[in-house]
Amino acid sequence: MTDSPALVLRDVAKSFGAVVALRSGSLEVEPGSIHALVGENGAGKSTLVKIVAGVHRRDAGTFQLHGTDVDFGSTAESKAAGVAVIYQEPTLFPDLSVTENIFMGRQPLGRGRRIDRAAMYAEAEQLFNRLGVAIDPRRPAKGLSIADQQIIEIAKAISLDASVLIMDEPTAALSGVEVERLFAVARSLRDEGRALVFISHRFDEVFELCDTVTVMRDGDYVSTDAIADTSVDRIVSRMVGREVAELFPKTTAEIGDVVLEVDGLSSLGTFHDVSFTVRSGEIVGLAGLVGAGRSEIARAVFGVDTYDTGSVRMSGKSVAAHKPRAAIRAGIAFVPEDRRKQGLVTDASVARNVAAVIRRGLTHAGLLTNRDENRAAGPWAGRLEVKTSALDMTAATMSGGNQQKVVLAKWLATEPRLLIIDEPTRGIDVGTKAEVHRLLSDLAGQGLAILMISSELPEVLGMADRVLVVCEGRITAELSRDEATPERVMHAATANVTHTGELHQEATA
Amino acid sequence: MSDTLLVEPSAVSPTQRVVGGLLRSREIAVGAVLVLVVVLTTIKNPNFLFSSDGWRDLLLSPSLLLLLAVGQTVVIITRNVDLSVGSILGLTAYFTGKLFVDHPGLPIWVVFLAGTAMGALLGLVNGALVAFGKVPALVITLGTLYIYRGIFLSWAGSDRINAGDMPSDFLALGTKTILTIPVLTIIGFVVLAAVGYYLYTARGGRELYAIGSDPDAAVLYGLPTRTRVLSAFVLCGALAGLAGVVYAARYGTVSSGAGYGMELQAVGAAVIGGVAIFGGSGTVWGAAIGAFLLVTINRALPVVGISDFWQRAVVGALIIAAIVLDRVFSAREERRLVAARDEMRKS
């Protein structure tokens, strides 16, 4: 028993209706090891995780925990068996305190089976100390940033005292320091003899943290290697099954007239005196640390949030504040950071999603038919190579990369002159990343002005014609493509930040 | 790494926290409005509070709605709603009368138990359909609202239960007081305290909040969502059943219109008391004060000389005001939390 691996999955298969999510997934994790699981989006990693977690039941294959066959019908069963999972998207109860979020369902009980709140808060504070973060254990989860939510998820998983801990892209929203903290905790858990599975698209993190790596592709197991015996290039070529194309294929486009002009934009507590322009055919990158206020600036320009002073002009005409509809009419398209929540009706079909913003132009005598929607959506979905069997498929069942394409298709159908895109490739695998980049480059080539927010430095440096660096709500540097070096951007991004932080650098190339 | 440990999270003292929490609490605000209504009406007509009937009615009238509002709150917290409680109340009230007619000499506590059990059974039907049928509670309980009322009508026909059909001991409960507090109100308070205690201190109670706050997350947490939702409906039904027995004792007659429209008053009381209609937050204490306010305003307006039409409009305005205030406060709260986060990052 002691020699058996902590977790064994062999030839596990899972289909959802006609869609095969997992053909033959295999994974073997030893106790006292951190095992990386990598693969393109749609490779079946998340499905595999959900089978281990008891969210889905496998259709076929072997599933063993510490040498015993198991079959989880619910997340409660997997928890009881010592499996903790940090999901890709945080799953918290907004109305409850962060402490209750951590301990829900297994609160420490005092006399008479009452919840012992004092003990619970003390334990939460200990967890936060261990993770090196300062979060008031009594505050509600409402209003937390994605990074903080991710921290709560991590605290929750650690407090489960699990023998198998699975982390599905836990670092996607974390800053450099927070990632370091997480890694320190992960290593100490490993040294206690627990088995950890780490899913990430960031190869530098994989190589820094893990000892073994398993590659998956298209729902199949590809290979397992010791980290010491492999290289980024080898893993990437196995993931995509082909040599990786140029990751940032930005072609030079003809830069035209000023499209967007932002002048002296301020919003109390979030950003101050922000002025910049974006020209047609130009990609302007907004770089900075997570939480610097980049997304907030974008949201204000598009009119989702309001601002206190300043003005936004499109081709010389001013755009009304706090009115997304006016912004759309002025030719602005906005692809937000949080696809699931803000960009996509995940329960609706691809066609409906694509047609959502242009519905007005599609209706016949006030009626909108599925056929009209499909007709309008077809060309865009085709152009962006959305991998979907039919336009009628609901968006929820698609991989992150394909969802991003649907969101893009939706906005391109409005024929905008300015595209604001927030973290275009967050949570997207290498292959699709290149596709998204090529697409943005093509669009710029056709004269579209693009404002791109990205936390990935290589992406900013590779794609942008001009880089604006935001630090604590102010633009601290404007660098041309030639001037922009990692060091310069970093310096500007941390210009007046007291605690250290760093942009996530990706070792993919 | 030490530079990442920023500030002590709870720099505020416990007393400050408690006082601050009280000042922001919805229960206190609604309670203040209730006191204001009582004081103003009493100034206009001292009998409203100071006659012996006035004091008793003030406490007794809301006791029925109190029971319904407590049950409704438990269901709303789980992001559901039970529209059938008015019909359950009517049906069990008639059932109570029938028990006395068919089995004279039945102990009163048995009747209380039977009425509550009957309500629980009707609630079980609602809960099972919602939890296992995966149909929205609004639709299910709208259906059972009509079905239960229909059963009541076809069972009772033109028949009605009169005071003479029920033992005088039972009817005396409707007027009896202990230390000037009506017995029926005491029943309501005991139920309120028990449910309030459970919701705050028991795992099961907290899980109801979690389920209402984010049902999908609740499933990922491995919470027994179906059983919890089912039990919320059973509890709500049981309390509506208990309210049916209380109805029979208080009014002495039960006709086919008993409990008609009370489900919306119960929802209204909960909403006024700060229970979020989309689940996840609110307390039974708030709902109870909401029930008192709703009933008391209805009784106070004629005293102050406001016409019947305006009475309903006032109640409606109250509900809308409650929801608008909720939005304003929660938006402000969210901004405060975001600002607090900014502060923390800066320091």
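These are brief notes on a predicted model, taken point by point.

1. **Chain A overall.** Chain A holds 18 helices and 20 strands. It has 509 residues, and 53% of them count as buried. Take the contacts in chain A with a separation of 6 or more: residues 24 or more positions apart account for 69% of them.

2. **The largest nonpolar core.** This core has 165 residues. Six members touch the most other members: B:Leu65, B:Leu68, B:Ala69, B:Val70, B:Leu239 and B:Ala288. Helix 13 of chain B, residues 225-251, gives the most to this core, with 17 residues. Another core lies apart from it, with 67 residues. Among the members of that other core are A:Ala287, A:Ala444, A:Ala449 and A:Ala492. As background, nonpolar side chains in soluble globular proteins tend to be buried together.

3. **Contacts of B:Leu68.** Leave out residues up to four places away in sequence. B:Leu68 then touches B:Val85, B:Leu89, B:Leu239, B:Ala240, B:Ala243, B:Met262 and B:Ala266. One of these, B:Leu239, is also listed with B:Leu68 among the core residues that touch the most other members.

4. **Helix 8 of chain B: length.** This helix covers residues 137-156, which makes 20 residues. At 1.5 Å a residue, the helix should span 28 Å. Its end C-alpha atoms are 27 Å apart, which agrees.

5. **Helix 8 of chain B: faces.** Which residues of this helix are buried? They are B:Ala137, B:Ile140, B:Thr141, B:Thr144, B:Tyr148, B:Arg149, B:Phe152 and B:Ala156. Seen down the helix axis, these buried residues fall within an arc of 155°, so they line one face of the helix. The general rule is that an α-helix has 3.6 residues a turn, so residues three or four places apart point the same way. B:Tyr146, B:Gly150 and B:Ser154 are exposed on the other side of helix 8.

6. **Helix 8 of chain B: neighbours.** The buried residues of helix 8 pack against two helices of chain B: helix 6 (85-102) and helix 7 (108-133). Just after helix 8 comes B:Gly157, which takes a positive phi of about 60°.

7. **B:Val35.** This residue sits in helix 2 of chain B, residues 26-44. Is B:Val35 buried or exposed? B:Val35 has 11 other C-beta atoms within 10 Å. The cut-off for exposed is 12 or fewer, so B:Val35 is exposed. B:Val35 and B:Ser154 are 119 residues apart along the chain, and their C-alpha atoms are separated by 43 Å. B:Ser154 is one of the exposed residues of helix 8.

Notes:
Residues are numbered from 1 along each chain as its sequence is written. Chains are lettered from A and ligands numbered from 1 in the order in which they are written. This is a predicted model: local features need pLDDT of at least 70, side-chain atom pairs count only at pLDDT 80 or more; totals for chains, interfaces and linings use all residues. Helices (H or I, at least four residues) and strands (E, at least two) are DSSP runs, numbered from the N terminus. A residue is buried if 20 or more other C-beta atoms lie within 10 Å of its own, exposed if 12 or fewer, and partly exposed in between; C-beta atoms are placed from the backbone. A nonpolar core is a set of buried Ala, Val, Leu, Ile, Met, Phe, Trp, Tyr and Cys residues joined through C-beta atoms within 7 Å. Two residues are in contact if their C-beta atoms, placed from the backbone, lie within 7 Å. The expected span of a helix is 1.5 Å times one less than its number of residues. The arc is that of the directions from the helix axis to the C-beta atoms.
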